[in-house]
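Colleague: I am new to this structure. Please take one part and go through it closely.

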Amino acid sequence: VLEEIESLIDKYSIKSLMFRDPCFSFNKKRVASIADEIIKRNIKIEWGCETRLDNLDTGLLDLFYKSGLRVVKVGIESVESDILKRQQRKPISIEHQEKIIKFCDKKGIMVIAFYIIGLEHDTKESIERTIKYAKKLNTDFANFTLCTPIPGTEYYEQIKDRIYEENLENFDNFHPVFRHKNLTAGELCKFQE
């Protein structure tokens with residue numbers, strides 16, 4: 001990894017990069033060694049990563065920042081832990097989310113938070129609470145996408161009898177593609193807006 005970063009700097013004069021592993025900090029020992037080595041080799045690079053907030057702590061973020069971390073992308077998805085669990089997602093405690101986001105803000109690490117509108121058991125009220133929570137977190141960016149059953153996934157198979165969209169190009173997290181139990185396509189789009 002370090003040799004590739006150095007090669008990109010030498011060959012293309014890059015100044016920054018993004019680690020696109022959706023759970024970059026899952027193996028904390030591995031990513032700490034990458035950050036340590038960036039510092040040891042005196043590599044001048046700003047970088048970002050995608051990860052889960054429960055795979056971050058203040059010590060790791062301190063090390064990351066020292067090595068050049070300036071942006072982190074994280075999935076909040078919903079403030080409703082019961083809805084997340086019912087969708088077979090692993091919720092992260094509100095306290096931990098808020099602690100890590102506040103720490104990032106103090107350090108100068110930009111946070112991009114991802115939210116999902118229209119999870120299987122969402123209601124108008126649950127979406128409103130998630131939007132209110134997003135405002136409370138006040139991250140640098142908030143990205144709201146529509147719940148989309150991607151063809152080939154287990155979720156797609158579970159609800160395929162409610163999927164009405166045939167154009168695969170619309171399975172992009174920005175177009176409603178299935179009949180939601182509690183919300184119309186128009187309501188989902190309005191909430192996303």
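Modeller: What follows is a close look at one pair of helices, then a few single residues. Keep in mind that this is a predicted model.

Start with the pair. Two packed helices are described by the angle between their axes and the distance between the axes. Here the two are helix H3, residues 58-67, and helix H5, residues 94-107. Their axes come within 11 Å and cross at roughly 30°. Angles under 35 degrees count as roughly parallel, so H3 is roughly parallel to H5. The crossing of H3 and H5 is right-handed.

Which residues make the contact? From H3 come Thr58, Leu61, Asp62 and Tyr65. From H5 come Lys99, Ile100, Phe103, Cys104 and Lys107. By class, the contact of H3 with H5 has five nonpolar, one polar and three charged residues.

Now turn to Ser25. It sits in the loop between strand S1 (16-19) and helix H2 (28-40). Is Ser25 buried or exposed? Its relative accessible area is 0%, so Ser25 is buried. Leaving out residues up to four places away in sequence, Ser25 touches Val31, Thr51, Arg52, Asn55, Leu56, Leu60 and Phe64. With Thr51 there is also a polar contact, side chain to side chain, at 2.6 Å.

Two residues deserve a look at the backbone. Glu77 is not a glycine, yet has a positive phi of about 70°. Glu77 belongs to strand S3, residues 69-77. Asn173 also has a positive phi, near 75°. Asn173 lies in the loop between helix H7 (154-159) and helix H8 (185-192). With a relative accessible area of 27%, Asn173 is partly exposed.

Methods:
Residues are numbered from 1 along each chain as its sequence is written. This is a predicted model: local features need pLDDT of at least 70, side-chain atom pairs count only at pLDDT 80 or more; totals for chains, interfaces and linings use all residues. Side-chain values use heavy atoms; hydrogens and water are left out. Helices (H or I, at least four residues) and strands (E, at least two) are DSSP runs, numbered from the N terminus. Buried means under 20% relative accessible area, exposed over 50%, partly exposed in between (1.4 Å probe, protein chains only). A polar contact is a pair of N or O atoms within 3.5 Å; within protein, one must be able to donate a hydrogen and the other to accept it, and residues adjacent in sequence count only if both atoms are side-chain atoms. Contact means heavy atoms within 4.5 Å. Axes are lines fitted to C-alpha atoms, for helices over the stretch in contact, and angles run from 0 to 180 degrees between N-to-C directions. Angles under 35 degrees count as roughly parallel, over 145 as roughly antiparallel, 65 to 115 as roughly perpendicular and the rest as oblique. A crossing is left-handed if the near helix is turned anticlockwise from the far one by less than a right angle, and right-handed if clockwise. Ala, Val, Leu, Ile, Met, Phe, Trp, Tyr, Cys and Pro count as nonpolar, Asp, Glu, Lys and Arg as charged, and the others, Gly among them, as polar.
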